[in-house]
Amino acid sequence: MIESNPPLLHHYGTLVRNPSNLVQVDQQRHIGGLVPAEECQLPLIDLHGLKSPDTRESLECSRAICRASSEWGFFQVLNHGISPELLQSMRREQLKLFAAPFERKATCGLLNNSYRWGTPTATRPTQYSWSEAFHIPVTKISEEACYGEDFGSLRGVMEEFAAAMSNLAKLLAGILANNLGHRKESLEDICDLSTCFLRLNRYPACPISPEMFGLVPHTDSDFLTILCQDQVGGLQLMKDSKWVAVKPNPEALIVNIGDLFQAWSNDVYKSVEHKVMANEKMERYSIAYFMCPSYDSLIGSCGSSSGSSTTSPESSSVYRKFTFREYRNQIQQDVQKLGHKVGLPRFLLQ
């Protein structure tokens, strides 16, 4: 039988068998979720309100988006403009892609040679992610060479899906920018399709769950992330200094603020730590769209506007100015030296 799963258990076992990591294994069992996280209902926002002829209803919808971005850093959206048919088509193609033999996924250059699995940089169990993914630049999606002979139908579906996610990201980012007293075009000038990504995730069933991360705790290194997930569950986020589990909603997409939006908003919007817990019996699928700036765009705290519905009068910047390239390079350096990302604290002025 041809194996489609990556050798996650073998790789993880190598980390566990290292005597210096025995304490880390015990620690992971505690962190990983042996104590079930409390389930939460993320703020749920119906985007149909943005099209309402009633100005008050439209304004309240925008305020709800900004409030959730400030208080939670996460929210769900309904009537988001991406059809159920397109979501179903994308899911079918995703299942077909990940069912391919592991060796083919790993060596045949599929989707711009973007296949990854586990955590190659992990030196201890708490840094390991029980997952596989394709992380493809949006600008590469249309290239026929990315798909090979068996995945030609994926190309058209991914192009349509990425365009729809991009439009939704621009809509939401424009609302959030306007709330800070800026034109929506101010973010469009910074963000560049050439550095936006689409990530197709699969979290195989894990025989050593619930002590295993499907994706280790982290924040997103972008402006805005939009997530389409199945109904298996496993996503958790940090709220009020504790982990809470996100209840899946089959009709909603999940939106979360990234590090760069937190910096650009001067901490008005929050990039919140989140993780995925592996499931012992069921595999999980998700697709994430990452809205990113061009590598040389300068990310500086824009300050807050006294006219904003969620901000206080203009204050001094929290972070020094930096480029997306500089931010990515710093993350890579920290991962190599420390084994984990540090992120925004590296760029604090005080």
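**Close-up views of a predicted model**

**View 1. Strand E3 and its partner E2.** Start with a single rung: aspartate 46 has leucine 78, in E3, as its bridge partner. That rung belongs to the parallel pairing of strand E2 (residues 44–46) with E3, which spans 3 bridges. Strands here are DSSP runs of E with at least two residues, helices are runs of H or I with at least four, and both are numbered from the N terminus. Two strands count as paired if DSSP finds at least two bridges between them. This is a predicted model, so local features need pLDDT of at least 70 and side-chain atom pairs count only at pLDDT 80 or more, while totals for chains, interfaces and linings use all residues. Residues are numbered from 1 along each chain as its sequence is written, and side-chain values use heavy atoms, with hydrogens and water left out.

**View 2. Both faces of E3 are under cover.** In strand E3 (residues 74–78), 5 of the 5 residues are buried, so the strand is largely enclosed by the rest of the structure. Buried means under 20% relative accessible area, exposed means over 50%, and partly exposed lies in between (1.4 Å probe, protein chains only). Phe74, Gln76 and Leu78 are buried on one side, and Phe75 and Val77 are buried on the other. In a regular strand, side chains alternate between the two faces of the sheet. On to another neighbour: E3 runs antiparallel to strand E11 (residues 253–257), with 4 bridges joining them. Here phenylalanine 74 has asparagine 256 of E11 as its bridge partner.

**View 3. The 8-strand sheet.** Step back a little and E3 turns out to sit in an open, mixed sheet of 8 strands, ordered E2-E3-E11-E8-E13-E6-E5-E4. E2 and strand E4 (115–117) are at the edges with a single partner strand each, so one side of each lacks a neighbour in the sheet. From one strand to the next, the twist averages 25°. For these angles, axes are lines fitted to C-alpha atoms (for helices, over the stretch in contact), and values run from 0 to 180 degrees between N-to-C directions.

**View 4. Helix H3 across the sheet, with serine 62.** H3 lies across E2, E3 and E11 and runs at about 155° to E2. Look for serine 62 in this helix (residues 55–71). Serine 62 counts as buried because its relative accessibility is 17%. Leaving out residues up to four places away in sequence, serine 62 touches Leu50 and Ile175; a contact means heavy atoms within 4.5 Å.

**View 5. The 5-strand sheet and its hairpin.** A further open sheet, also with mixed pairing, has 5 strands in the order E1-E10-E9-E12-E7. Strand E1 (38–40) and strand E7 (213–218) are its edge strands, each pairing on one side only. E1 runs parallel to strand E10 (residues 242–246), joined by 3 bridges, and glutamate 39 has alanine 245 of E10 as its bridge partner. Strand E9 (residues 235–239) pairs with E10 in the antiparallel sense over 4 bridges, and glutamine 236 is likewise bridged to alanine 245. In the E9–E10 hairpin, 2 residues lie between the strands, and aspartate 240 takes a positive phi near 55°. Over at E7, the pairing with strand E12 (residues 274–277) is antiparallel, with 3 bridges; histidine 218 has histidine 274 as its bridge partner there.

**View 6. Helix H10 and its buried side.** H10 (residues 324–338) has 15 residues and reaches 21 Å from first C-alpha to last, close to the 21 Å expected at 1.5 Å a residue. That expected span is 1.5 Å times one less than the number of residues. Phe324, Tyr327, Ile331 and Asp334 are buried in H10. They cover an arc of only 90° around the axis, which puts them on the same side of H10; the arc is taken from the directions from the helix axis to the C-beta atoms. Their cover includes helix H9 (259–264), strand E14 (298–299) and strand E15 (322–323). On the face turned away from the buried side, you'll find the exposed residues Gln336 and Lys337. Just after H10, glycine 339 takes a positive phi of about 90°.
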